[in-house]
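Work through the exercises below with the structure open. Each task is followed by a solution in steps.

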Amino acid sequence: MSTEVRYDVVVLGGGLLGCFAARHLTSYRLRCALVEAREDVCTGISRSNSAIVYTGCDNKPGTLKARLCVQANRSFEQLCAQLSVSFVRRGSLLVSYGPRGDQVVRRKYDQGQENGVEGLSILTGAQAAALEPGLAPGITSALLASGTGVTDPWALCYAAYENAQANGCQVYLNAPVTALRREGKDWVIAAGTHTLRARAVLNCCGLEAHRIQELCAPPTVRVIPDRADYLVLDQPTGPYVHHVIFQEPEQKGKGLTLIPTTDGKLLLGPSEQPGGAAPHRAVTPEGLDFLRRTAARVVPGLDLSQVIRAFGAVRPNPFSVRQEGEAWVPEDKGIHSFTISTPCPGLWSLIGIKTPGLTCADALGAMLAGEAAAYVGKGRPNPDFDPCRPLPPRPRDLDSAARRALVQAHPAYGRVICRCEDVTEGEILDAIRRGAVTLDGVKRRVGPGLGRCQGSWCADQVLDLLARTLGVSPEEVTQDGADSLLLGGEGT
Ligand SMILES: Cc1cc2nc3c(=O)[nH]c(=O)nc-3n(C[C@H](O)[C@H](O)[C@H](O)COP(=O)(O)OP(=O)(O)OC[C@H]3O[C@@H](n4cnc5c(N)ncnc54)[C@H](O)[C@@H]3O)c2cc1C
C-alpha cells in the first residue's frame with residue numbers, strides 16, 4: 001500500500017460528470033484529484049448516448065434540470081470553442097402523427113416557454129414536411145426547437161479531462177474505490193493501491209454511485225439500469241434528415257430519435273429494453289428490431305443496408321428507496337430530477353444522472369466544484385486557470401498547404417492508417433500519448449474504426465502502434481480493457 005496523499009477535493013469517477021467537476025475544481029486555488037476504476041476515462045455511461053445538446057423544453061419548469069439545461073444549451077458554443085470540440089446547432093423537430101402526439105407538442109412548447117427556451121415554434125404538418133421531406137406523410141404537427149445541437153460526447157469528455165490535467169488535477173487510473181470513510185473532518189479513500197485523504201469528495205461513479213455512497217452512509221437512492229440500443233448509418237448520398245428528429249408515437253411507449261451526428265453519420269435510437277441485474281452493453285435483438293421497424297415507418301426512404309454498426313447503452317434509472325425490515329426497497333416511480341445526494345458533510349453523490357446529463361455536465365461540474373471549494377474554504381479563483389484545450393492536429397481538417405507543412409515537420413501525419421475516416425499514424429500516436437491504452441480508447445479519441453469498414457483494414461495497425469508505443473506485446477493489447485484481449489491471450 002502506498003503512502004497517503006492529501007487533497008482538498010477528490011472526484012470519484014471519470015465520466016462526463018467527473019471530468020467536468022475536476023475541470024472546474026482546477027479553476028480554484030486548491031489541490032484536487034480524479035480517481036477512476038478503469039484504465040481510461042469515458043468508458044461508462046458517457047461513452048454511449050445520443051450526443052444531443054437539449055434545449056430544456058423537455059424538463060419540468062422550476063427544476064434544477066430545466067434551469068441547468070437552458071443555461072448549458074445557451075453557452076454550448078462557447079464551451080466547445082474553449083475545448084476544441086465539434087458542435088452543430090442542427091435544430092430539432094418533435095413530430096406528431098395524431099391527437100396524442102399533438103398534445104405532447106403543445107405541452108413541450110408551453111413548458112419550453114415557461115423555462116425560457118428561445119427559438120421554439122409549433123409547425124403545421126405541411127410546414128414540418130417541407131423542412132424534412134424524407135419523413136413519412138401524415139404529420140399533424142411538430143415542435144421546432146432551433147437551439148437543439150449535436151456534439152461529440154467522447155471528445156467532450158476527453159477535452160474536459162485533459163483540461164483538468166493541464167490545470168493541475170492529479171489523476172489516478174486503475175484505481176477502483178473500495179472504501180470511503182470519515183476520519184475527523186477528512187475523508188479517507190482506498191482506491192486500488194492508493195490511499196487518499198480529502199476534505200471533500202464528489203462521487204460521480206455513474207452506475208456505481210449509489211454503492212460508493214453506501215460505503216459510508218445508508219441508502220437513499222439506488223440505480224436500476226435498463227438498456228438501450230442504437231444503430232449507426234453511413235450516409236453516402238447525403239443526409240436523410242437535417243434536424244434531430246423526435247418521433248412521438250401515438251401509442252404509449254418509446255418513439256424513435258434520428259440524430260444526424262457531427263461527423264455526417266445518422267444515429268437511430270435509443271430503444272428501451274429491460275436491464276437485468278448486471279448492467280451490460282450488449283445489444284438486444286428486440287431493441288434492434290424495434291429500431292429497424294420504426295425507422296422504416298418514420299423515414300420510408302431510409303436505406304437500412306447502410307447500417308455500419310449497432311451498439312448498446314445502459315440507462316442509470318434512479319429510484320428512492322425505503323427500508324422494509326432488513327431490506328431496502330425501491331419506490332414504484334423513478335426520480336425525474338437530477339439526484340444530488342449529500343448524506344454527510346463534504347460528500348456529494350450524483351446518482352443516476354440521465355439525459356440531459358451530457359448537456360449539463362459542464363454546468364453541474366461548475367455547480368459542484370463551487371460548492372466543494374466553498375466547503376473546504378478555498379473559493380478563491382486560480383489565476384493560472386486556462387479554460388482552453390488546444391485542438392490536437394487533425395490533417396483532414398487542414399487545407400493542402402497546411403497539411404503538407406505538418407507532414408514535413410512530422411512525417412507520421414502523412415501515413416494514413418484508417419482510410420474510411422482519414423486518420424493518420426500521427427493522430428494515433430498522439431491519442432496514445434494523451435492516454436489511450438486500448439483499441440477503443442484510440443477510436444474514441446481520434447476515430448480509426450468508426451467508418452464504413454469498422455476497423456477491418458486498420459485494427460491490426462492500430463494494435464501494433466499501441467503495442468510498440470506502450471512497450472507491451474501485441475497479445476496484451478485489449479479492445480476495451482480487461483476481458484477483451486484481441487489476439488487470443490487469456491482474459492483476466
Ligand atoms: C442511452 C442514453 C442516452 C443519452 N443521451 C443523452 C443526450 O443525448 N444528451 C444528454 O444531454 N444526455 C444524454 N444522456 C445522459 C448522459 O450520457 C449521462 O448523464 C452522462 O454520460 C453520465 O455520466 P457519468 O459521469 O455520471 O457516468 P459514467 O460515464 O458512467 O462515469 C462514471 C465513471 O465512474 C467510474 N467508476 C465506477 N465505479 C467506480 C469506483 N468504484 N471507483 C472509481 N471509479 C468508478 C466508471 O468506471 C466510470 O468511468 C444519455 C444517457 C443514456 C444512458
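**Exercise 1: the interface of domain 1 and domain 3**

Between domain 1 and domain 3 an area of about 810 Å² is buried, and carbon and sulfur atoms give 51% of that area. Buried area is the accessible area (1.4 Å probe) that two parts lose on being put together, summed over both.

The model is predicted: local features need pLDDT of at least 70, side-chain atom pairs count only at pLDDT 80 or more, and totals for chains, interfaces and linings use all residues. Residues are numbered from 1 along each chain as its sequence is written, and side-chain values use heavy atoms, with hydrogens and water left out.

Task: Locate the domains and describe the contact between domain 1 and domain 3.

Solution.

1. Mark domain 1 (4-47 + 154-223 + 318-375), domain 2 (88-150 + 225-315) and domain 3 (395-476) on the protein chain. These bounds come from an automatic or database domain assignment.
2. Eight residues from domain 1 and 10 residues from domain 3 take part in the contact, where contact means heavy atoms within 4.5 Å.
3. The C-alpha centres of domain 1 and domain 3 are 32 Å apart.

**Exercise 2: charges across the interface**

Task: How many salt bridges does the rule find across the interface of domain 1 and domain 3?

Solution.

1. Apply the rule: a side-chain nitrogen of Lys or Arg within 4 Å of a carboxyl oxygen of Asp or Glu.
2. The rule finds two salt bridges across this interface.
3. Arg-434 and Glu-162 form a salt bridge, with 2.8 Å between the closest N and O atoms.

**Exercise 3: the ligand**

Task: Which residues come nearest to the ligand, and what share of the ligand does the protein bury?

Solution.

1. There are 37 residues around the ligand (a heavy atom within 4 Å), and Glu-36, Ser-46, Ile-52, Ile-353 and Thr-359 come nearest.
2. A polar backbone atom of Ile-353 is 2.6 Å from an oxygen atom of the ligand.
3. Taken alone, the ligand exposes 1,000 Å², and the protein buries 95% of that; accessible areas come from the Shrake-Rupley method with a 1.4 Å probe, and for residues only the protein chains shown count as cover.

Conventions: Polar contact = N/O pair within 3.5 Å; in protein donor to acceptor, adjacent residues only side chain to side chain.
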